[in-house]
Structures are given as C-alpha cells and as structure tokens.
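Please examine the following model with attention to its internal space and to the packing of its helices.

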Amino acid sequence: MPHALVIGASRGLGFEFARQYAADGWRVIGTYRADADGERLRSAGVDALALDVLAEDAPKRLEAALGARLDLAIVNAGIHGPRQVRIAHPPSAADFDAVMHTNVLAPMRLLAVLAGPLEAAKGTLALVTSRMGSVSAANTPNSLLYRVSKAAENMLAKAAHVELSPGGVRVLALHPGWVRTDMGGPNAEVDREESIRGLRRVLADARSYPGGGFFDYRGETVAW
Ligand SMILES: NC(=O)c1ccc[n+]([C@@H]2O[C@H](COP(=O)([O-])OP(=O)(O)OC[C@H]3O[C@@H](n4cnc5c(N)ncnc54)[C@H](OP(=O)(O)O)[C@@H]3O)[C@@H](O)[C@H]2O)c1
C-alpha cells in the first residue's frame, strides 16, 4: 500500500488530497490543527496528525509520526496574508513574519525530516506553491507579500530538487489553479475536486515530468 503525507490537510485542497488518496486505498497521514478537523480526517480514512507547522517542535513531531519509507509528501499548508499589500502598502513586520514563516520557513524546516523516508522509497515531494509566485507571470500589484512568499517557496522547490534528486526523489512545484477554497474564494475558476484530480494525475506520472519543474493541475508547465 503506497504511503502519502499531506501537510495542511484540514480543509481546502489539502483535505481533498488526503480524502482522494485515502479513498483510492493509500495509507495517508494528514495534518490538522483544530480537533474537529482531525475527526473529519479520520472519518475520511486518514491517519490524522495534530501539527502546527510553526511550532518549534514541528519537525520532531512529524519525524516521529513517519515510517521509514514515504512514497509521496505534499507540502500544502499555506496562508495568504493581507491582500492589499503592494509597494504603496507595505506589510507590517507581524504580517511579514506570519506569511513568510508559514509559507517558507516551515517548509524549509520540515523538508529536512522528509528527505530520508522519501529517499528510502524513491518517492515524490510536491510543494503546493502558486502561479502567484511566478516572477515572469507577475502582472498585478496586489497580494505582494503572498507573491514574494510563493516565489521563495518556488526557489525552495528547485533547491530541494538539486539536493534530493541524486537520492532518487522527484521534486515538483505545483500550481493548483485558482480554486474555490477559503483562500481562493467563491469566485475562483476551478472546483477543488477537479484541481486535485488533475494534480494527482501529474503526481501519478511524476517520473515523466522533469524533476525540479513547475506544473499546474492540467499538467502544463508554469513559467518560474
Ligand atoms: N485556492 C487557490 O486558489 C490556490 C491557488 C494557488 C495556490 N494555493 C496554495 O494551495 C495551498 C492550499 O490552499 P487552500 O486554497 O486549500 O487554502 P485554505 O483553504 O486556506 O487552507 C489552508 C491550509 O493550510 C493550513 N495551515 C495554515 N497555516 C498552518 C499552520 N501554521 N500549521 C498547519 N497548517 C496550517 C490550514 O490549516 P488550518 O485549517 O488549521 O488553518 C489549511 O489546511 C496553499 O499553500 C495555497 O497557497 C491555493
């Protein structure tokens, strides 16, 4: 039975990833923070793990919950922060820290404990970043803090590829589309089930996508 981890599985895209993999017979560990979300994950057949990615002991807690082998790790937890941030409206230090710590620092620290089990299984590491982090596609001023954080996360994905691919780990950065979730809002273009089915098709065929690449839910390359 293949073994997957979804970090940030309480709701939105992460819950849908966990739900779909569990329904297909995978053993899935999904992380959550609120007790009610842990219950919902268990009801969906997911091994629920309480984990705040910002906690100092998060890497240790995660390491203790993982087995020796991991076929797939999806780093999905993220926050958007204030949408009005732009050059004319710089972020507060607190907002900067919250967004950058959640979207960049936490993945950087957690990847360290995922590397061994992923290498043991020659598995796949997916970072759910965003086209909003594409430097070449940037064309609107708003959400600047989120964009900067996702650009940094894209670099983290590429750096993880450089470091982990010699050990046989496939690393991909993923853009889910603009999806109807709490973060994406009700006017977003894509249904979450469709987004996750698409991303799972990419992950199922991960070896045919260039490692260290950036792909959307339709399997199309996203420019960095
Ligand atoms: N929706 C879109 O259109 C879209 C587009 C591009 C990229 N993305 C990316 O896709 C990912 C998921 O987005 P979404 O739309 O599903 O967002 P969402 O509905 O707001 O869900 C965010 C998830 O991240 C978790 N999370 C946030 N901070 C955390 C922390 N400190 N510790 C542990 N978990 C934490 C949340 O857990 P709690 O429930 O405990 O808060 C929740 O599971 C994000 O990385 C986002 O940037 C989304």
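The structure holds one cavity of 30 Å³ or more, a cavity being a set of points, on a 1 Å grid over the protein atoms alone, where a 1.4 Å probe fits but cannot get out. This is a predicted model, in which local features need pLDDT of at least 70 and side-chain atom pairs count only at pLDDT 80 or more, while totals for chains, interfaces and linings use all residues. Residues are numbered from 1 along each chain as its sequence is written, and side-chain values use heavy atoms, with hydrogens and water left out.

The largest cavity encloses about 30 Å³, a volume being the space filled by probe spheres set on the points, which are joined across faces, edges and corners. Its lining consists of Ile7, Val53, Val75, Ala77, Thr102, Ala106, Pro107 and Leu110 (lining residues have an atom within 4 Å of a point). Helix α4 (residues 93-121) gives the most to this lining, with four residues; helices are DSSP runs of H or I with at least four residues, numbered from the N terminus.

Helix α6 (residues 192-204) provides four residues, the largest share, to the lining of the second largest pocket. A pocket is an open set with protein on both sides within 12 Å along at least five of seven lines. This one has a volume of about 220 Å³, and among its 13 lining residues Trp26, Thr124, Leu203, Ala204 and Ala206 lie nearest its centre.

Leu203 of α6 also belongs to the contact with α1, where contact means heavy atoms within 4.5 Å.

Technical notes
Helices (H or I, at least four residues) and strands (E, at least two) are DSSP runs, numbered from the N terminus.
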